[in-house]
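The following exercises concern a single protein model. Each one sets a task and then works through the solution step by step.

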Amino acid sequence: WFLSFQLLTRPLKGYCALTFKKMPQLYLFGLLLVGCILLGHAHAFGDSQGSSISTQHKGDPELKALLDKIAVNKEVLAAVSNSALITPDGKYGMLKMWIDGCQRAGVKNFMVIAIDDQVAKTMEQLGVPYWRKEPKKTADKAASNHGISAMKFQLIKEFLVLGHSVLLSDVDILTLKNPFDHLHRDEDIEALSDGFDPQTAYGWDDVFDDPKMGWSRWAHSFHIFTLNSGLFYAKAGPKTIALMDRITARLMKEKAWDQAVFNEECFKPSFDNYKSSHVGIRIMNIYDFVNSKTLFRTMRYEKQYENHVPVMIHVNYHPDKFARMQSIWARYVEGDMHALDKYPVGSCFDAPNC
């Protein structure tokens with residue numbers, strides 16, 4: 001606003017100098033008034049983009065101290081976990097495999113958001129960076145995967161207000177390469193897709209047929225599979241902070257699936273009194289950031305992917321998560337080319353009669 005003030009007052013330079021000499025109080029009052037007007041316009045612009053945020057939130061000092069130590073280029077890879085996902089000695093469990101993947105891939109800036117004392121103690125024993133934080137309970141108070149997942153948006157906000165971008169990862173994910181070498185960072189949110197091929201992941205023109213309309217029976221629509229809220233990169237900024245607030249506010253009131261709310265708040269356009277979040281979206285490459293349907297339905301069978309090593313694989317489509325994670329490790333880390341052969345495409349060989 002200072003530069004804008006200089007440009008606005010340049011034509012009045014002589015008059016302002018004369019005013020300052022004769023009536024300095026009036027000059028200073030005018031300076032203050034112009035500054036307030038410009039700041040007001042800046043605030044209004046922020047509101048028009050759906051990005052106004054509270055300036056009262058200073059951020060968690062313990063988290064800030066941790067981020068100052070481990071963040072690389074103000075970015076971190078973080079997973080939210082409780083003690084159910086790792087043994088107390090830290091030697092076994094999905095969280096242990098998640099940690100092993102990060103370390104093997106050379107990710108220096110990873111950490112665990114520990115939501116109970118036991119997992120914090122285990123991370124301490126393992127020497128893994130962690131932030132102990134008790135999130136506020138959402139409307140879904142169950143300790144289920146969905147119940148815990150719904151709490152993560154309020155936690156992500158704490159990173160964003162400190163100016164740090166976050167690659168949020170569920171624990172049922174194996175990291176095979178450093179993901180920070182494969183992000184584009186050109187949008188507010190960069191996310192894994194639940195789509196299993198380019199069409200479903202990146203979107204397609206879908207035609208709805210309503211025969212009673214006669215000549216205008218065909219209506220076009222754009223369809224896209226949902227973003228996966230278990231693996232996404234949130235770039236620090238006003239719009240992503242506001243997005244986390246919007247999602248958290250809804251999940252505090254509604255017993256809804258957090259992934260559905262995440263997608264609605266990312267994609268729904270403005271209408272009537274509803275205001276869009278205005279966040280920019282990028283879909284991660286589906287053969288680098290892979291969901292388990294893509295892996296077990298397509299990639300394990302096709303010759304072109306035989307030597308391709310994904311960046312991260314999320315076992316989101318299958319309930320036997322840990323067993324499949326172990327087999328994925330055997331396939332891509334230990335080199336067992338047949339480690340995935342024993343699994344059905346879906347959750348059973350007789351699907352849908354599982």
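**Exercise 1. Strand 9 and its partners**

How many of the eight residues of strand 9 (residues 227-234) are buried?

Before the solution, the conventions are needed. This is a predicted model, in which local features need pLDDT of at least 70 and side-chain atom pairs count only at pLDDT 80 or more, while totals for chains, interfaces and linings use all residues. Residues are numbered from 1 along each chain as its sequence is written, and side-chain values use heavy atoms, with hydrogens and water left out.

Step 1. Buried means under 20% relative accessible area, exposed over 50%, and partly exposed in between, with a 1.4 Å probe and protein chains only. Strands (E, at least two residues) and helices (H or I, at least four) are DSSP runs numbered from the N terminus.

Step 2. Eight of the eight residues of strand 9 are buried, so strand 9 is largely enclosed by the rest of the structure.

Step 3. Two strands pair if DSSP finds at least two bridges between them. Strand 4 (residues 165-169) is joined to strand 9 by four bridges and runs antiparallel to it; here Val166 stands opposite Ala234.

Step 4. Strand 6 (residues 189-193) is also antiparallel to strand 9, again through four bridges. In this pairing Ile189 stands opposite Ala234.

**Exercise 2. The disulfide and the cysteines**

Determine which cysteines form a disulfide, and state the handedness of the bond.

Step 1. A disulfide is a pair of cysteine sulfur atoms within 2.5 Å. Searching the whole structure yields one disulfide.

Step 2. The partners are Cys348 and Cys354, with sulfur atoms 2.0 Å apart. The torsion about their S-S bond is about -85°, so the disulfide is left-handed.

Step 3. Cys348 has a relative accessible area of 19% and is therefore buried. Cys354, at 60%, is exposed.

Step 4. Two further cysteines can be classified: Cys102 is buried at 0% relative accessibility, and Cys266 is buried at 6%.

**Exercise 3. The surroundings of Cys266**

Which helix holds Cys266, and which residues is Cys266 in contact with beyond its neighbours within four places in sequence?

Step 1. Cys266 belongs to helix 11 (residues 258-267). This helix is mostly covered, with seven of its 10 residues buried; among them are Val261, Phe262 and Cys266.

Step 2. Contact means heavy atoms within 4.5 Å. Outside the four-place window, Cys266 is in contact with Leu227, Leu243, Ser277, Val279 and Ile281.

Step 3. Thr240 lies 26 residues from Cys266 along the chain, and their C-alpha atoms are separated by 9.8 Å.

**Exercise 4. A three-stranded sheet**

Establish the strand order of the open sheet that contains strand 12, and identify the helices that pack on it.

Step 1. The open sheet has three strands in the order 5-12-11, with mixed pairing. Strand 5 (173-175) and strand 11 (289-291) are the edge strands, each pairing on one side only.

Step 2. From one strand to the next, the twist averages 15°. Axes are lines fitted to C-alpha atoms, for helices over the stretch in contact, and angles run from 0 to 180 degrees between N-to-C directions.

Step 3. Strand 11 and strand 12 (residues 312-314) run parallel and are joined by three bridges. Val290 stands opposite Ile313 in this pairing.

Step 4. Helix 12 (residues 292-299) packs on the sheet and touches strand 11 and strand 12, its direction making about 80° with that of strand 11. Helix 13 (residues 321-332) touches strand 5 and strand 12, and its direction makes about 20° with that of strand 5.

**Exercise 5. The nonpolar cores**

Which residues of the largest nonpolar core touch the most other members?

Step 1. A nonpolar core is a set of buried Ala, Val, Leu, Ile, Met, Phe, Trp, Tyr and Cys residues joined through side-chain atoms within 4.5 Å.

Step 2. The largest core has 49 residues, of which Leu77, Leu95, Trp98, Leu295 and Ile328 touch the most other members. Helix 5 (residues 94-104) gives the most to this core, with six residues.

Step 3. Beyond its neighbours within four places in sequence, Leu77 has contacts that include Trp98, Cys102, Leu167 and Met312.

Step 4. A second, separate core of 36 residues includes Ile115, Phe159, Leu168 and Phe232.
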